[in-house]
Amino acid sequence: ANLNVSDGVIANTQHEEEQIRSHGVTAPVMVVPNGVVAPARDAHAAERFRSAIGIDPDHLVVAFIGRIVPKKGLHHLIRAFTLVASNFPDAALVIGGDRGQCPAYVAELDRIASDSGISELIWWPGFLDETQKAALLGTADVFFHVSESEGMAMAILEAMSAGVPTLVSDKCYMDAAVEGDAVLEVKANATEIAKALRRVLASESFRHGIGKSAVRFIEKFHRWEVISEKLLALYGAPER
């Protein structure tokens with residue numbers, strides 16, 4: 001009822017608009033995506049971050065930043081990393097986030113890693129502040145966010161804005177970015193994730209191409225200047 005007496009409702013994606021309307025909302029629904037500020041590029045900060053957590057300078061880095069909870073699909077990621085580790089012995093998996101938020105799930109992830117014999121290839125730097133997050137993105141070769149459900153995840157946008165090739169699921173609803181070759185959409189299972197990791201890790205030129213496409217996509221659709229223009233147009237539009 002509150003939404004229906006409003007002048008409008010803002011959704012982040014077309015899918016979210018459809019969800020809102022499916023609940024009986026009759027007020028105008030406008031799609032405006034999240035905006036993002038690109039993290040500051042600081043090669044020295046990235047090098048210091050690697051050194052601080054003990055990753056060799058020449059290692060390829062697969063990164064995740066976010067809540068360490070089941071919906072984020074990290075059990076798939078660790079199993080997938082097990083499948084590619086032998087082909088990429090210089091690859092490291094860095095999982096940034098609070099290990100204390102969901103201890104039972106963290107214990108499951110530790111067990112999967114231990115049973116697979118790759119515990120020593122996984123780094124857990126803990127919760128990352130904005131500076132540390134930018135440093136990890138600055139040193140990452142691929143970013144993982146194959147989640148079970150999202151609205152429009154800021155972690156994905158931040159990774160893209162840093163030029164990091166990013167793996168997403170179809171439940172992340174990044175359809176436009178997928179169509180623009182700005183992210184890689186994969187199914188949420190270890191086999192498909194491993195296939196995508198091999199493709200990205202095997203080719204520096206491929207990583208560079210995806211990263212450039214991601215930055216261009218963010219510049220075109222997710223800069224705050226672009227978002228503010230959309231909002232100003234909506235607020236200044238005549239009554240519907």
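**A note on charged residues in this model**

A search of the whole structure finds 11 salt bridges. Please keep in mind that this is a predicted model. Here are some points to follow on screen.

1. Let's begin with helix α5, residues 130-139, where Lys133 and Glu130 sit 3 residues apart, or about one helical turn. These two form a salt bridge, with their closest N and O atoms 3.1 Å apart. The partners differ in exposure: Lys133 is buried at a relative accessible area of 13%, whereas Glu130 is exposed at 55%.

2. A pairing with similar spacing turns up in helix α8 (residues 190-202), where Lys195 and Glu192 are 3 residues apart, about one turn of the helix. Their salt bridge has its closest N and O atoms 3.7 Å apart. Glu192 is partly exposed, with a relative accessibility of 27%.

3. Now for a pair from separate elements: the side chains of Arg207 and Asp141 meet in a salt bridge, at 3.9 Å from N to O. Arg207 belongs to helix α9 (residues 204-221) and Asp141 to the loop between α5 and β6 (142-145), so this bridge ties together parts that lie 66 residues apart in sequence. Both Arg207 and Asp141 are buried. The pair also belongs to a network of salt bridges that links Arg50, Asp141 and Arg207.

4. Glu158 deserves a look as well. This residue is in helix α6, which spans residues 154-161, and is buried, with a relative accessible area of 16%; the value counts as buried because the cut-off is under 20%. Leaving aside residues up to four places away in sequence, Glu158 touches Val36, Pro39, Lys133 and Leu137. Lys133 in that list is the partner of Glu130 in the salt bridge of point 1.

5. On the surface, Asp170, Asp175, Glu179 and Glu185 form a negative patch. Asp170 is placed in the loop between β7 (166-168) and α7 (175-179). This residue is partly exposed, with a relative accessible area of 42%.

6. Finally, where is Asp42 found? Asp42 is in the loop between β2 (29-31) and α2 (43-53), and its relative accessibility of 37% makes it partly exposed. Asp42 and Thr131 are 89 residues apart along the chain, and their C-alpha atoms are separated by 10 Å.

Definitions and conventions
Residues are numbered from 1 along each chain as its sequence is written. This is a predicted model: local features need pLDDT of at least 70, side-chain atom pairs count only at pLDDT 80 or more; totals for chains, interfaces and linings use all residues. Side-chain values use heavy atoms; hydrogens and water are left out. Helices (H or I, at least four residues) and strands (E, at least two) are DSSP runs, numbered from the N terminus. Buried means under 20% relative accessible area, exposed over 50%, partly exposed in between (1.4 Å probe, protein chains only). Contact means heavy atoms within 4.5 Å. Patches are made of residues with over 30% relative accessible area and no salt bridge: like charges are joined within 9 Å, nonpolar side chains (Val, Leu, Ile, Met, Phe, Trp, Tyr) within 5 Å. Accessible areas come from the Shrake-Rupley method with a 1.4 Å probe; for residues, only the protein chains shown count as cover. A salt bridge is a side-chain nitrogen of Lys or Arg within 4 Å of a carboxyl oxygen of Asp or Glu. Lys and Arg count as positive and Asp and Glu as negative; His and the chain ends are not counted. The place of a charge is taken as NZ of Lys, CZ of Arg, CG of Asp or CD of Glu.
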